Every structure is written in C-alpha cells, then in structure tokens.
Amino acid sequence: MREKNPSMEFANKTALAYSAVCKPLCQELGLPQTAFDILLFLANNPTYKTASDIVEVRHIKANLVSVNVDKLVHEGLLTRCPVPNDRRKTELLCTEKAQPIIQRGRALQEAFFDRLLNGIDEARLNVFYGTLEQMGRNLDKILEGEL
C-alpha cells in the first residue's frame, strides 16, 4: 500500500475545496472556473499582465489560457493592449465591467481563507506565516545557488 503524502493531499484538498466554493458563483456568472481564476489572478497580481505570466505562474496550460482569455475579452471583461517596447507581448487588463465580478471573487476568496483558517489561534497563525516566510527566503537562496 502506498503511503499518503500529507502535503500533496493538503494541496489537492485545498484545490478541490476552493473549486467547490467557486462553482456556484461561476455558474451564476456563466464563467468557466479557469476564466474566473484568470480574471482574479490578473486583478490580484497587477505585476503579472500577460498570458505567458499566467502560464508560468499559475501553471495553466497555454491553450486553456488562450481560450479563456478570448472568452473574457469577448465578454468585455478583459482588454488586450500592446506592450510599447515589445510588439510580441500583449498586456491583459481588467475592464470596468469586470470590477463587480472581481469584488465578488475577492469576497469569496476572503471567506474561503477565513473558513480554511477557522479554529487556528493567532499565535499558531503567526508561527505558520513566519515559517512560510523563512521557507520563501530559503527557496530564493536555492534558486540563486546559495543554499
């Protein structure tokens, strides 16, 4: 019998629970989960503005990004703008029409994380966040070849 990997199981459960929480809103809005995720990713992370950023950071397959960006543009939720110094790149910008969806999505995300962290006291959360910060610094060092 294979042993369970707790971190893999946690990541999988988190993704499944988040999708389950998003499903009613996505259905109401008529948006596929991937389109919803792309819209909120762009809104919540303004330094990432291109389809290749979404592929690289969110690990969504390029064809799915392309199809869903097209849908979001067609529905008036995103616009494509050429990057002035690089004609090969196009920035994806959330429109004013997207703002009510983004607000609802952010509220949903906040409520999800409140539920996820339910029952964890402030002291434990501080240790957890501190641990994540240190792990982040260690990852940076590993990527820079220092550790």
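Helices in this note are DSSP runs of H or I with at least four residues, strands are runs of E with at least two, and both are numbered from the N terminus. Please keep in mind that the model is predicted. Here are my points, residue by residue.

1. **D53, an acid without a partner.** With that definition in hand, D53 can be placed in helix 3, which covers residues 51-58. What is unusual about its charge? D53 is buried yet has no salt bridge. The nearest side chain of opposite charge is K89, and it is 6.2 Å away. A salt bridge here needs a side-chain nitrogen of Lys or Arg within 4 Å of a carboxyl oxygen of Asp or Glu, so a separation of 6.2 Å does not qualify. Setting aside residues within four places in sequence, D53 has contacts with F41, T47, Y48 and R58. If you look at one side chain by eye, I would be glad if it were this one.

2. **The salt bridge between R104 and E28.** Side chains of opposite charge can pair when their charged atoms come close. How many salt bridges does the whole structure hold? A full search finds five. One of them joins R104 to E28, at 2.8 Å from N to O. This pair links distant parts of the chain, with R104 in helix 5 and E28 in helix 1 (residues 6-29), 76 residues apart. R104 is partly exposed at 38% relative accessibility, while E28, at 53%, counts as exposed.

3. **The salt bridge between R80 and D70.** Here the N to O distance is 2.3 Å. R80 belongs to strand 1 (residues 78-83) and D70 to helix 4, so this pair ties together parts that are ten residues apart in sequence. Both ends are partly exposed: R80 has a relative accessible area of 41%, and D70 has one of 38%.

4. **The salt bridge between R88 and D86.** The closest N and O atoms of R88 and D86 are 3.1 Å apart. Is each end buried or exposed? R88 is exposed, at 73% relative accessibility, whereas D86 is buried, at 16%. D86 therefore makes a nice counterpart to D53: D86 is buried and has a salt bridge, while D53 is buried and has none.

5. **The cysteines.** How many disulfides are there? The structure holds zero. Why do C81 and C94 not form one? The sulfur of C81 is 11 Å from the closest cysteine sulfur, that of C94, which is too far for a bond. Viewed from the other end, C94 is in no disulfide, and its nearest cysteine sulfur is the one in C81. For reference, the cut-off for a disulfide is 2.5 Å between the sulfur atoms. C81 is partly exposed, with a relative accessible area of 25%, and C94 is also partly exposed, at 25%.

6. **Q109 in helix 5.** Q109 sits in helix 5. Its relative accessible area is 17%, so it counts as buried. Not counting residues up to four places away in sequence, Q109 touches Y18, L40 and N44.

7. **Two loop residues.** H59 is found in the loop between helix 3 and helix 4 (62-74). What stands out in its backbone? Its phi is near 60°, a positive value in a residue other than glycine. H59 counts as exposed, at 67% relative accessibility. E96 lies in another loop, the one between strand 2 (86-94) and helix 5 (99-116). E96 is exposed as well, with a relative accessible area of 67%. From C-alpha to C-alpha, E96 is 7.6 Å from L77, although 19 residues separate the two in sequence.

8. **A nonpolar patch on the surface.** Which residues make the nonpolar surface patch? F128, Y129, L132 and M135 do, and the patch is about 390 Å². M135 is part of helix 6, which runs over residues 122-143. M135 counts as partly exposed, at 46% relative accessibility. A patch residue needs over 30% relative accessible area, so M135 passes that cut-off.

Note on methods:
Residues are numbered from 1 along each chain as its sequence is written. This is a predicted model: local features need pLDDT of at least 70, side-chain atom pairs count only at pLDDT 80 or more; totals for chains, interfaces and linings use all residues. Side-chain values use heavy atoms; hydrogens and water are left out. Buried means under 20% relative accessible area, exposed over 50%, partly exposed in between (1.4 Å probe, protein chains only). Lys and Arg count as positive and Asp and Glu as negative; His and the chain ends are not counted. Contact means heavy atoms within 4.5 Å. Patches are made of residues with over 30% relative accessible area and no salt bridge: like charges are joined within 9 Å, nonpolar side chains (Val, Leu, Ile, Met, Phe, Trp, Tyr) within 5 Å. Accessible areas come from the Shrake-Rupley method with a 1.4 Å probe; for residues, only the protein chains shown count as cover.
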